[in-house]
Amino acid sequence: MPKFDIAGHRRIFFLISLLMIIPGFICMGVRGFNFGIDFTGGTIIDLHFEHPVTLADIRTSLAKYDLDNSTIQLSGTESGVESSENAMIRTVDLEENQRKEVMAALTQDVGPYTVLREEKVGATIGGELITNAVLALVISWALIILYVAYRFEWRFGVSAVLALVHDIIIVLAVFSLTQRQIDSSFIAALLTIVGYSINDTIVIFDRIRENLKLHFRRGGDVDELVNRSIYQTLTRSLYTVFTVLFTTAALYWFGGETTKDFAFALLVGFAVGCYSSIFIASQIWIELRNRTERRPAAPKAKAVAAEV
């Protein structure tokens, strides 16, 4: 028997999750989210400079107006250019006065240029697309439940999906609290987190299934079964999450400005996903099993009482 009874302390882990989720809902309701231009629309400015410029030159100038998260693309005859005379800037919707200040700052900080195009654009991720994305996510959860129910049992499928919902809510709460920008890359990060978390959870569930029959033949209880299965896969889970976290941390610290929010979402999501796989998913399965196993016993007890 492991020294620390993970399954036996599941109420503590449920409480820890609630202490993150409930304030998270309050924060999302009060502070909302900082949606990027993919959701809100913005302004596109296409410029031709007299001399080649770099992304860092333009981003440093835009940072004076808190626009350093804008999407900047250099164009040239070769792909992956580090400097170019042509640059396209996509930023939040700017008022006329603010736009003139930004344009003047670019002239002063970066150099003289010619405006090739300037226009306002709508959101690339509209309400209909958001609805479709949520619908696709719900359908994927339903398919996960069906597949896991087929391979294991329905309680494993429900537990896995509830753990995924737990992870996504906490990531959303962190982004609401920090007011980091939410754009199309954030959606990609959420899908990556879902894939990682479900994989880690299934590894533990598979070990529980392997131990299930042999364990109960020896008279063990369900808490001991889950503890044994978690500790048998714990080293693999920790090795995997730390490897991924090291890589993602390198992307966050050494990557460009446009990848920081994406990397931050992955950092939070991978850490929370590892926590939920070890401390939440299996414990939800225990609760579901305990509740469903007790129900058939009630009619039998009534029948015995009637015979007496």
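A salt bridge is taken here as a side-chain nitrogen of Lys or Arg within 4 Å of a carboxyl oxygen of Asp or Glu. The model is predicted, and 13 salt bridges are found in it. Three of these pairs and one network are described below.

**Arg-10 and Asp-223**
- Arg-10 pairs with Asp-223 in a salt bridge, with 3.1 Å between the closest N and O atoms.
- Arg-10 belongs to helix H1 (residues 10–30) and Asp-223 to helix H8 (residues 222–254), so this salt bridge ties together parts that lie 213 residues apart in sequence.
- Arg-10 has a relative accessibility of 10% and therefore counts as buried, because the cut-off for buried is under 20%.

**Lys-64 and Asp-109**
- A salt bridge joins the side chains of Lys-64 and Asp-109, at 2.8 Å from N to O.
- Lys-64 sits in the loop between helix H3 (55–62) and strand E3 (71–75), while Asp-109 is in helix H4 (residues 96–109); the two are 45 residues apart, and the pair links distant parts of the chain.
- The relative accessible area of Lys-64 is 54%, which makes this residue exposed, whereas Asp-109, at 33%, is partly exposed.

**Arg-117 and Glu-119**
- The side chains of Arg-117 and Glu-119 also form a salt bridge, at 2.9 Å from N to O.
- Arg-117 is partly exposed at 31% relative accessible area, and Glu-119 is likewise partly exposed at 34%.

**Network**
- Arg-10, Arg-11, Asp-223 and Glu-287 are joined into one network by salt bridges that share partners.

How values were computed
Residues numbered from 1 in each chain as written. Predicted model: local features only at pLDDT ≥ 70, side-chain atom pairs only at ≥ 80, totals over all residues. Heavy atoms only, no water. Helix = DSSP H or I, 4+ residues; strand = E, 2+ residues; numbered from the N terminus. Buried < 20%, exposed > 50% of the residue type's maximum accessible area, 1.4 Å probe, protein only.
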